[in-house]
Amino acid sequence: MRTFTTPDGAYSFQHPADWTVAEDPSQDGEYVVRRGDGQAVAGLGVGRPAGPLASPVYPNTTYASVDVPGVADPLGRNVSAVVGLVPGQSIGGEAIAFGLADGGDPAANYGWIRAADASFLTFSGIRHIGNGSTMLSEEEVDREMAAYTASAEGRSVLAMLASLTMDPSVTGTVCQDGNYVYTELRGLDCDEATWIIGELRERASAKDAYTVATNEHLCETRGTDPTEFHDPMYVCGPRGTPDVRFNLDPIVVTWDHPLLDVQEDTDRESVEDVVPDVDDAAVDCVGVNYEFTEVDGLTCPEAKGMLQPFLEGKGTPADEDAQVVDDTACTRAPAERGGATVPSWTCSRTQGGSFVAYARM
């Protein structure tokens with residue numbers, strides 16, 4: 001046996017010594033496994049896929065399914081290496097498919113799975129069976145499946161899939177909450193993104209299964225077409241601030257996954273009637289406890305980072321409304337916001353950059 005490791009050190013697997021692994025020059029993050037005679041056997045792919053297998057695969061208990069102990073999903077569950085049947089969409093189109101299934105469920109989301117770092121991962125291949133011109137009977141399919149899984153190649157393929165490992169020190173951690181992962185956070189950190197989803201779960205009204213909103217936050221569908229069901233499912237963030245957002249992806253994807261399990265509720269205000277309850281000033285950036293306006297010469301993370309020391313009482317002098325931290329000066333005062341009086345900060349720094357922050361009530 002030999003061990004192949006991706007160039008970044010993130011993924012490794014073992015394969016027979018006379019097999020080879022090479023990166024596909026036409027696809028970044030795609031590695032092709034070939035037998036000694038050059039025939040492609042399987043492929044490892046890391047990153048966002050174009051789509052899963054064209055035909056669904058539902059492995060049953062008569063065929064092989066083994067754990068892959070070196071790979072987990074974001075919920076910490078090991079994935080499985082499975083062998084199943086592609087039924088075929090035309091006469092003679094049957095094939096044996098082998099690959100990964102998430103959550104340890106051989107029938108769940110065969111093909112592309114979520115790895116622990118929330119990236120999409122596939123390790124799979126197909127071997128066509130039959131003569132290509134007539135439909136196999138159920139008995140013939142069973143015979144072909146049993147023969148392949150018992151063959152030297154079949155056993156080697158399954159052992160290779162089961163040997164896959166990932167190194168979390170390379171892949172890193174992921175922002176997650178319950179059955180969702182949060183990706184491509186822009187202008188928000190993990191705590192703020194999960195707080196927004198908590199607000200939506202508690203207070204949102206649903207226009208339909210794919211759009212929910214409060215007067216401050218919104219989640220709306222992205223990529224819900226079944227042929228693209230592995231794309232990010234939802235984009236969420238503060239209403240009216242398109243540059244402050246994140247993707248909300250179910251860890252285990254289903255065809256009819258309800259957004260946040262928020263159902264239409266006639267007792268709640270409809271999405272069409274929801275309007276922001278703040279004044280006319282634009283919200284440039286939203287934090288957990290403060291919203292930032294009049295942000296000039298700063299990114300949203302920079303503005304939040306500048307304010308944080310003052311909120312932690314690190315400004316000097318600490319008992320005065322006008323405080324300084326390094327080259328940043330902030331003035332604290334009550335302000336009118338959305339018909340209420342709330343604490344506010346007006347801040348600027350010597351090297352340039354300023355903002356006003358209003359407490360979120």
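The expected span of a helix is 1.5 Å times one less than its number of residues. The exercises below apply this and related rules to a predicted model.

**Exercise 1. Helix H4**

Task: Determine whether the span of H4 agrees with the expected value, and state which of its residues are buried.

Solution.
Step 1. H4 has 14 residues, so at 1.5 Å a residue it should span 20 Å.
Step 2. The C-alpha atoms at the two ends of H4 are 20 Å apart, which agrees with the expected span.
Step 3. The buried residues of H4 are Glu 192, Ala 193, Ile 196, Ile 197, Glu 199 and Leu 200.
Step 4. Viewed down the axis of H4, these buried residues fall within an arc of 155°, and they therefore line one face of the helix.
Step 5. The face turned away from the buried side of H4 carries Asp 191 and Glu 202, which are exposed.

**Exercise 2. The disulfides**

Task: State how many disulfides the structure holds, and describe each by its partners, its handedness and its surroundings.

Solution.
Step 1. The structure holds three disulfides. A disulfide is a covalent bond between the sulfur atoms of two cysteines.
Step 2. One disulfide joins Cys 175 to Cys 190, with an S to S distance of 2.1 Å. The link of Cys 175 and Cys 190 is right-handed, with 85° about the S-S bond. Cys 175 belongs to strand S12 (residues 175-177) and Cys 190 to helix H4 (residues 190-203), so this pair ties together parts that are 15 residues apart in sequence.
Step 3. Buried means under 20% relative accessible area. Cys 175 has 10% relative accessibility and therefore counts as buried. Cys 190, with a relative accessible area of 30%, is partly exposed.
Step 4. Another disulfide joins Cys 219 to Cys 236, with an S to S distance of 1.9 Å. The torsion about the S-S bond of Cys 219 and Cys 236 is about 115°, so this disulfide is right-handed. The pair links distant parts of the chain, with Cys 219 in strand S16 (residues 217-221) and Cys 236 in strand S17 (residues 234-238), 17 residues apart.
Step 5. Cys 219 counts as buried at 0% relative accessibility, and Cys 236 counts as buried at 2%.
Step 6. A further disulfide joins Cys 330 to Cys 347, with an S to S distance of 1.9 Å. The torsion about the S-S bond of Cys 330 and Cys 347 is about 115°, so this link is right-handed. Cys 330 lies in strand S22 (residues 328-337) and Cys 347 in strand S23 (residues 340-349), so the pair ties together parts that are 17 residues apart in sequence. Both Cys 330 and Cys 347 are buried.

**Exercise 3. Aromatic pairs**

Task: Classify the pair of Phe 4 and Tyr 31, and then the pair of Phe 98 and Tyr 148.

Solution.
Step 1. The structure holds seven aromatic pairs. In one of them, Phe 4 and Tyr 31 have ring centres 5.4 Å apart and planes at 55°, and the pair is tilted.
Step 2. Phe 4 lies in strand S1 (residues 2-5) and Tyr 31 in strand S4 (residues 30-34), so the pair ties together parts that are 27 residues apart in sequence.
Step 3. Phe 4 counts as buried at 15% relative accessibility, as does Tyr 31 at 8%.
Step 4. Phe 98 and Tyr 148 form a stacked pair, with 6.2 Å centre to centre and 15° between the planes. The pair links distant parts of the chain, with Phe 98 in strand S8 (residues 95-101) and Tyr 148 in helix H1 (residues 138-150), 50 residues apart. Phe 98 and Tyr 148 are both buried.

**Exercise 4. The neighbours of strand S5**

Task: Identify the strands that pair with S5, and relate them to an aromatic cluster.

Solution.
Step 1. Five of the seven residues of strand S5 (residues 40-46) are buried, and the strand is mostly covered.
Step 2. S4 pairs with S5 in the antiparallel sense over five bridges. The two strands form a hairpin with five residues between them, and Gly 38 in the turn has a positive phi of about 90°.
Step 3. S5 also pairs with strand S10 (residues 120-128), in the antiparallel sense over four bridges.
Step 4. Leu 44 in S5 is the bridge partner of Tyr 31, and Leu 44 stands opposite Phe 123 in S10.
Step 5. Tyr 31 and Phe 123 belong to one aromatic cluster together with Phe 4 and Phe 13.

Conventions
Residues are numbered from 1 along each chain as its sequence is written. This is a predicted model: local features need pLDDT of at least 70, side-chain atom pairs count only at pLDDT 80 or more; totals for chains, interfaces and linings use all residues. Side-chain values use heavy atoms; hydrogens and water are left out. Rings of Phe, Tyr and Trp (its six-membered ring) pair if their centres lie within 6.5 Å; planes under 30 degrees apart count as stacked, over 60 as edge-to-face and the rest as tilted. Buried means under 20% relative accessible area, exposed over 50%, partly exposed in between (1.4 Å probe, protein chains only). Two strands pair if DSSP finds at least two bridges between them. A disulfide is a pair of cysteine sulfur atoms within 2.5 Å. The arc is that of the directions from the helix axis to the C-beta atoms.
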